[in-house]
Amino acid sequence: MSSKRLEMLERLIAQGTRDPFHHYAYALELRSIGKSDAAFEKLKEIVKQFPEYVPAYLMGAQLAFDLGRFDEGMAMAQAGIEVAERSKDSRTVRELMGIIDTARKKEER
Amino acid sequence: MPTIRTLIDAQAIAYRVKSLGAAISHAHRGHDLVLISVLKGSFVFAADLVRAIEIPIAVDFLACQSYGAGTETSGVVKITHDLTQPIEGKHVIVVEDIIDTGLTMSYLLSNLETRKPASLEVCALLHKPARSRVKVPIHYLGFTIEDVFVVGYGLDFAERYRNLPYIGVLEEER
């Protein structure tokens, strides 16, 4: 099932889809099959290609912190906060701040 | 015991719903707009969508039951809860959780058309083109998905899982 979906998303990306969700869903699938590093690299690509797509910052920051890549997680979260603030997306700002807070507490332990 | 695999997470849904709300606000500025949520599946989507729309709107609800064997719909639909207000002369958007065969929506559109709205559009959270039997115009679409059974964000399996904040696929545990 999951590999079938991966193949479908790979095909859409190869066809040059401009829908950021297709790229994001691909990263989500990579994560779900345990390829977290590849998922994070894909999310970094997404924020470059579609800088206004806030879900990628959220998932990217969370994933980086889960992988122990603290500095990259912080950079992703802070970039996401800037984008979310610009689009007046207070919910995402709160969520990103929450992720940062949790990661900082974990790092201090 | 089935497990649920995330297909579309809460962040991606929120982002897309916000875009849909902006598109509707842009297209219907100055219109007498009514959003009709088709129960039960679209109630979560409709609740988020109306809050993403920045123009005045009215909201109404419609519930229907489609007849068919098992999960296959026949296209024969009975309205079990009708609108509370007339829609004549108003701009109407029907909000549906998922369009697969298109039979139910096709019936609903024919029915609503007889009530003489100024315009009639469809906003669907999900579209499953692999199961399409009749073509239905979808003016505002959240996501196109493959032929999988989805739950969450208002969609159920035997009345369960509607409260999940994301859309997931029911899978049998291996």
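**Exercise 1.** State which pattern chain A of this predicted model follows along the sequence, and assess how compact the chain is.

Solution. Read from its start, chain A runs α-α-α-α-α-α. The count is therefore six helices and zero strands. Next, take the radius of gyration of chain A, which is 14 Å; the globule rule gives 13 Å for 109 residues, so the chain is as compact as a globular protein of that length. Along the principal axes, the C-alpha atoms of chain A fill a box of roughly 40 × 30 × 20 Å. Of the 109 residues in chain A, 38% are buried.

**Exercise 2.** Work out the strand order of the open sheet in chain B and identify its edge strands.

Solution. The six strands are arranged as β4-β3-β2-β5-β6-β7, with mixed pairing. The edges are β4 (76–81) and β7 (140–144) of chain B, each of which pairs on one side only. From one strand to the next, the twist averages 30 degrees. At the β7(B) end, β6 (residues 119–127) of chain B pairs with β7(B) in the parallel sense over four bridges. B:His127 stands opposite B:Thr144 in β7(B). Finally, helix α3 (residues 103–113) of chain B lies across β2, β3, β4, β5 and β6 of chain B, at about 165 degrees to β5(B).

**Exercise 3.** Determine which residues touch the most other members of the largest nonpolar core.

Solution. The core has 69 residues, and the residues in question are A:Tyr24, A:Ala27, A:Ala61 and B:Val95. Helix α4 (residues 54–66) of chain A gives the most to this core, nine residues. Leaving out residues up to four places away in sequence, B:Val95 touches, among others, B:Leu35, B:Ile36, B:Phe45, B:Leu49 and B:Cys123.

How values were computed. Residues are numbered from 1 along each chain as its sequence is written. Chains are lettered from A and ligands numbered from 1 in the order in which they are written. This is a predicted model: local features need pLDDT of at least 70, side-chain atom pairs count only at pLDDT 80 or more; totals for chains, interfaces and linings use all residues. A nonpolar core is a set of buried Ala, Val, Leu, Ile, Met, Phe, Trp, Tyr and Cys residues joined through C-beta atoms within 7 Å. A residue is buried if 20 or more other C-beta atoms lie within 10 Å of its own, exposed if 12 or fewer, and partly exposed in between; C-beta atoms are placed from the backbone. Helices (H or I, at least four residues) and strands (E, at least two) are DSSP runs, numbered from the N terminus. Two residues are in contact if their C-beta atoms, placed from the backbone, lie within 7 Å. Two strands pair if DSSP finds at least two bridges between them. Axes are lines fitted to C-alpha atoms, for helices over the stretch in contact, and angles run from 0 to 180 degrees between N-to-C directions. The radius of gyration is taken over C-alpha atoms; the globule rule is 2.2 Å times the number of residues to the power 0.38.
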